[in-house]
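This report describes the fold of one protein chain and then looks at a few of its helices and residues. The sequence and the structure come first.

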Amino acid sequence: MITEQYGIAFPGQGIKAQTLLSALRAHVRHPLVARLLTTFGAADPEALDLGDTSVVQPATFAAGLAAADTAFGPDHCPPVALGHSLGELTAAAYAGFLRIDEGFELAVDRGRLCHDQSLRRPGAMVAIVGADAGELEWLRRSVVAEHGEILDVAGLNSARQTVLSGAPEAVAAAVRIAGEQCLRAEVLPIPGGFHSPLMMDAVPAWRRRLESADFRPSTTRFVSAIDVRPHTDPVQVREQLARGLVLPVRWHEAVRTVRDLGVPGLVDAGPGTTLLKLGRRARILEFTGLGALPEPVPPG
């Protein structure tokens, strides 16, 4: 069992389909996964379209919470919870700011909104590895000058990995220019320009949906990767979830906030090990996965 000193973290949509499918299979008997299957009329996880954002987002939510619930039980109260992109909604539900079932319905609605918006304003996302801030901004501005399309910083994952989001033509140009600058560029398996101005039109509907949900206070601190601050006020948690459709995920800074709160480590609840890998490379604080939990620290 994990010591109560550790916080918990949940990833976003950018999980490989096979990894997500494996997580759903592992927890197929959990009520939340069963509800996911019923929602999409699927007999089993293999029948889900894990290339569809409207399915992937609630599936990622369900898989993460099912894994955490199985590992820790229903009464687990971590000192902090945080998430990457969609994972912020998972973290808010796990921390108790809203009921799990209501969080699942929000994940369904968020996935549908993101899917529909990406059809109206197509986009793509790319991770650039190895660029410092100046190199990255030179690359970004070069693309914007060349194409006149949106290309914005969508995620600050580490000191050397930044995600750009924007129009498909701009992302393709970013990949080309990155290669010319001897930088590694990896297009993400996310069909949309999330965390960029391309999502702005979806914010009013998403905000209305959040305002209809019953958010409540919690003793677990929610560390937002949007404003990189700890929150216990449900109004502020709701606001960060609303802004998170457009604003960048400042993951690297959020993990530093967790450290500065005196929390010694984080558990990557999954699905997948994306956050675990980022955490171990950054070495800001201890990261572990559900399969390798440290022993509890004896009192005194």
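Helices and strands here are DSSP runs, at least four residues (H or I) for a helix and at least two (E) for a strand, numbered from the N terminus. In that numbering, glycine 41 comes just after helix 2 and takes a positive phi of about 60°. The model is a predicted one.

**The chain as a whole**

The chain holds eleven helices and ten strands. Its radius of gyration is 18 Å, close to the 19 Å given by the globule rule for 300 residues, so the chain is as compact as a globular protein of that length. The C-alpha trace spans about 55 × 45 × 35 Å along its principal axes. Of the 300 residues, 55% count as buried. Taking contacts between residues at least 6 apart in sequence, 76% join residues at least 24 apart.

The accessible surface of the chain is about 12900 Å², and 53% of this belongs to carbon and sulfur atoms. As for charge, there are 29 positive and 33 negative side chains. The centres of these two sets lie 2 Å apart.

**Two helices with a buried side**

An α-helix has 3.6 residues a turn, so residues three or four places apart point the same way. Two helices of this chain can be read with that in mind.

Helix 2 covers residues 31–39, and its buried residues are Leu32, Val33, Leu36 and Leu37. Seen down the helix axis, they fall within an arc of 145°, so they line one face of helix 2. Pro31 and Thr38 are exposed on the other side. The cover over the buried residues of helix 2 includes helix 1 (17–26), helix 3 and helix 5.

Helix 8 covers residues 203–212, with Val203, Trp206 and Leu210 buried. These residues span an arc of only 65° around the axis, which puts them on the same side of helix 8. Arg208, Glu211 and Ser212 are exposed on the other side. Helix 4 (87–94), helix 5 (100–120) and helix 9 (234–243) are what the buried residues of helix 8 pack against. Helix 5 thus appears in both lists: it is part of the cover of helix 2, and the buried residues of helix 8 pack against it.

**Buried residues and their contacts**

Which residues does threonine 60 touch, leaving out those up to four places away in sequence? Threonine 60 is in helix 3 (residues 53–72) and is buried, with a relative accessible area of 2%. Its contacts are Pro11, Gly12, Leu20, Leu86 and Pro271. Proline 271 sits in the loop between strand 9 (265–268) and helix 11 (274–282). The peptide bond leading to proline 271 from glycine 270 is cis, with omega near 10°.

Histidine 231 belongs to strand 8 (residues 230–231). Serine 224 is in the loop between strand 7 (221–223) and strand 8. Histidine 231 touches Phe97, Thr220, Arg221, Phe222, Ser224, Gln236, Val237 and Gln240, residues up to four places away in sequence not being counted. Serine 224, with neighbours within four places set aside, is in contact with Glu88, Arg229, His231, Gln240 and Ala254. Gln240 is therefore touched by histidine 231 and by serine 224, contact being heavy atoms within 4.5 Å.

Two C-alpha separations go with these residues. Histidine 231 and leucine 241 are ten residues apart along the chain, and their C-alpha atoms are separated by 12 Å. Serine 224 and glycine 64 are 160 residues apart along the chain, with C-alpha atoms separated by 18 Å.

**Positive phi outside glycine**

Cysteine 182 has a positive phi of about 60° although it is not a glycine. This residue lies in the loop between helix 7 (168–180) and strand 6 (184–187). Arginine 283, also a residue other than glycine, has a positive phi near 60°. The place of arginine 283 is the loop between helix 11 and strand 10 (286–289).

The table sets out the accessibility of the residues discussed singly above.

| Residue | Relative accessible area | State |
|---|---|---|
| Threonine 60 | 2% | buried |
| Serine 224 | 0% | buried |
| Histidine 231 | 7% | buried |
| Cysteine 182 | 75% | exposed |
| Arginine 283 | 73% | exposed |

Notes. Residues are numbered from 1 along each chain as its sequence is written. This is a predicted model: local features need pLDDT of at least 70, side-chain atom pairs count only at pLDDT 80 or more; totals for chains, interfaces and linings use all residues. Side-chain values use heavy atoms; hydrogens and water are left out. Buried means under 20% relative accessible area, exposed over 50%, partly exposed in between (1.4 Å probe, protein chains only). The arc is that of the directions from the helix axis to the C-beta atoms. The radius of gyration is taken over C-alpha atoms; the globule rule is 2.2 Å times the number of residues to the power 0.38. Accessible areas come from the Shrake-Rupley method with a 1.4 Å probe; for residues, only the protein chains shown count as cover. Lys and Arg count as positive and Asp and Glu as negative; His and the chain ends are not counted. The place of a charge is taken as NZ of Lys, CZ of Arg, CG of Asp or CD of Glu.
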